[in-house]
Amino acid sequence: MPFWGLQKQLGIDVDSFLLRQSMAQPHGQAAACHAFEREWVECGHGLGQTRARRECRLEYEDFMECMQRTKL
């Protein structure tokens, strides 16, 4: 992220859609899938895209299941 927050100043949304659950929520309550998203982000942090896809597949699948409500 740039130091000045250029995206907010220009009113464009390029990458904030990636972390919807971690954004500030209207009533200050954590979103339903926040824990799964956090695990996925923490797993992939610092690994690089290729290695993170391999090693964090389970966390990502759990997060997508929660978001899409497939295996309830």
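This is a short walk through a predicted model, from its overall makeup to single residues.

Start with the elements. The protein has four helices and zero strands. Read from the N terminus, the order is α-α-α-α. The chain counts 72 residues, and 11% of them are buried. Now take the contacts between residues at least 6 apart in sequence. Of these, 25% join residues at least 24 apart.

Next, look at how two of the helices pack. Two packed helices are described by the angle between their axes and the distance between the axes. Helix 2 covers residues 34-44, and helix 4 covers residues 57-68. Their packing angle is about 155°, and their axes lie 8 Å apart. Angles over 145 degrees count as roughly antiparallel. Helix 2 and helix 4 are therefore roughly antiparallel to each other. Their crossing is left-handed.

Which residues meet where helix 2 and helix 4 touch? Helix 2 brings Phe36, Glu37, Glu39, Trp40 and Cys43. Helix 4 brings Glu59, Tyr60, Asp62, Phe63 and Cys66. Sorted by class, this contact has six nonpolar residues, four charged residues and no polar ones.

Stay with one member of that contact, cysteine 43. Cysteine 43 sits in helix 2. Its relative accessibility is 21%, so it counts as partly exposed. Buried would mean under 20%. Set aside the neighbours within four places in sequence, and cysteine 43 is in contact with Glu55, Cys56 and Glu59. One of these partners, cysteine 56, is 13 residues away along the chain from cysteine 43. The C-alpha atoms of the two cysteines are 6.0 Å apart.

Now turn to charge pairs. How many salt bridges does the structure hold? It holds two.

One of them joins arginine 38 and glutamate 42. Their closest N and O atoms are 3.1 Å apart. Both residues belong to helix 2, and they are four residues apart, so about one helical turn separates them. How accessible are the two partners, arginine 38 and glutamate 42? Arginine 38 has a relative accessible area of 48%, so it is partly exposed. Glutamate 42 reaches 52% and counts as exposed. The cut-off for exposed is over 50%.

Another salt bridge links the side chains of arginine 51 and glutamate 55. Here the N to O distance is 2.8 Å. Both residues lie in helix 3, which spans residues 49-55. They are four residues apart, about one turn of the helix. Arginine 51 has a relative accessibility of 41% and counts as partly exposed. Glutamate 55 also has 41%, and it too counts as partly exposed. Glutamate 55 has appeared before: it is among the residues in contact with cysteine 43.

Finish beyond the last helix. Arginine 69 lies in the segment after helix 4. What is the phi of arginine 69? It is near 55°, a positive value in a residue other than glycine. Is arginine 69 buried or exposed? Its relative accessible area is 59%, so arginine 69 is exposed.

To trace the path again, begin at helix 2, which packs with helix 4. Then find cysteine 43 in helix 2 and its contact with Cys56. Move on to the salt bridge of arginine 38 with glutamate 42, and to that of arginine 51 with glutamate 55. End at arginine 69, after helix 4.

Definitions and conventions: Residues are numbered from 1 along each chain as its sequence is written. This is a predicted model: local features need pLDDT of at least 70, side-chain atom pairs count only at pLDDT 80 or more; totals for chains, interfaces and linings use all residues. Side-chain values use heavy atoms; hydrogens and water are left out. Axes are lines fitted to C-alpha atoms, for helices over the stretch in contact, and angles run from 0 to 180 degrees between N-to-C directions. Helices (H or I, at least four residues) and strands (E, at least two) are DSSP runs, numbered from the N terminus. Angles under 35 degrees count as roughly parallel, over 145 as roughly antiparallel, 65 to 115 as roughly perpendicular and the rest as oblique. A crossing is left-handed if the near helix is turned anticlockwise from the far one by less than a right angle, and right-handed if clockwise. Contact means heavy atoms within 4.5 Å. Ala, Val, Leu, Ile, Met, Phe, Trp, Tyr, Cys and Pro count as nonpolar, Asp, Glu, Lys and Arg as charged, and the others, Gly among them, as polar. A salt bridge is a side-chain nitrogen of Lys or Arg within 4 Å of a carboxyl oxygen of Asp or Glu. Buried means under 20% relative accessible area, exposed over 50%, partly exposed in between (1.4 Å probe, protein chains only).
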